[in-house]
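Ready for a bit of practice? Have a look through the sequence and the 3D view, then try each exercise before reading its solution.

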Amino acid sequence: PEAEIPQLVMWYFEEPDAAMHTYGPESPEAVGRAEHIDSVLRYFFREIRRSPVFDRINFIVTADHGMAELSPDRYINLLPLLDTAQVVRVVPGTPFGLEVKEEYADQAVRTLRRTGHMKAWRRERMPRLTNVIVIPETGWTLDYAPQERPVRKRGTHGFNNRDRDMHMVFYGSGPAFRKGYRQRSFQNQNMYLILCRLLGIEPAP
C-alpha cells in the first residue's frame, strides 16, 4: 500500500572499512571485501528493479570517509617530546587529543609544531574534547607511551580532509539526480542538505 512505503531506508556495511584498518587499503583482503560488497549491491539493484515504484526511488551509494595506508616507519611517540607532569590525559586516535594544564597548552602546541609530520592547535574547552588537538601528516601514527610500540593497524582515517586519501565516493541515481552528471569534490556535511531536499524537509539552521 502507498501509505506503507517508507520515505527513507538506510543501509550500512562495516566492510571494507574493517579490512582496510587491519590489512591496509590496498591489501588483497580489503579488495576482496570491496568486491563482495559490490556483488551484494549488484544483486540489490537487480532485484529492486522489480518494484512497481522503482522509477520513483532515489538511490545514494556513499561512504563516511576515505582511508590512508599506515607504516611502522611513520611513527612518532609524543611522550618524550612533552613535559609529562603537565599532561592530564590523552585521547589516542586520529586526530590525537591531549589535555594539558592550561598554562602549558601554548608551549605544548609550539613543541609539537616544531617536531614535524603533524599540526597542532589549541581548542576551546568543549565536552569530550581536549584543549590540544594534533593531526598527523597523512599516513603517520601518533602515540603516547613510555616506549615505542609497534604500529598494528595498516590503515586509518581522520587526517586532513583535503587530502585525496580522505575522500570517498558519492553516487546518486533516480528522478532527483541528473543522469551522467559529474560533480567535483564537496564537503560530506552537504549530504545532510541533499537528504533534506529529497525528503522535503527544511534543514536546521
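Here come four exercises, each with a worked solution.

A word on the ground rules: this is a predicted model, where local features need pLDDT of at least 70, side-chain atom pairs count only at pLDDT 80 or more, and totals for chains, interfaces and linings use all residues. Residues are numbered from 1 along each chain as its sequence is written, and side-chain values use heavy atoms, with hydrogens and water left out.

**Exercise 1.** Work out whether strand E7 is buried or exposed.

*Solution.* Start with the terms: strands (E, at least two residues) and helices (H or I, at least four) are DSSP runs numbered from the N terminus. Buried means under 20% relative accessible area, exposed over 50%, and partly exposed in between, using a 1.4 Å probe and protein chains only. Now count: five of the five residues of E7 (residues 132–136) are buried, so the strand is largely enclosed by the rest of the structure. Next, take the faces one by one. In a regular strand the side chains alternate between the two faces of the sheet. In E7, one side has Val132, Val134 and Pro136, the other has Ile133 and Ile135, and all of them are buried.

**Exercise 2.** Find which strands pair with E7.

*Solution.* Two strands pair if DSSP finds at least two bridges between them. Strand E5 (residues 96–100) runs antiparallel to E7, joined by three bridges; Phe96 has Val134 as its partner there. Strand E6 (residues 118–122) is also antiparallel to E7, with five bridges, and Arg122 partners Val132.

**Exercise 3.** Describe the surroundings of Ala105.

*Solution.* First place Ala105: it sits in helix H3 (residues 105–115). With 0% relative accessibility, Ala105 is buried. Then list its contacts (heavy atoms within 4.5 Å): skipping neighbours within four places in sequence, Ala105 touches Val100, Arg122, Asn131 and Val132.

**Exercise 4.** Which residues does the salt-bridge network link?

*Solution.* A salt bridge needs a side-chain nitrogen of Lys or Arg within 4 Å of a carboxyl oxygen of Asp or Glu. By that rule there are eight salt bridges. Take Glu47: its closest N–O distance is 3.5 Å with Arg46 and 3.4 Å with Arg50. Put those together and you get a network of Arg46, Glu47 and Arg50. As for accessibility, Glu47 is partly exposed at 24%, while Arg50 is exposed at 65%.
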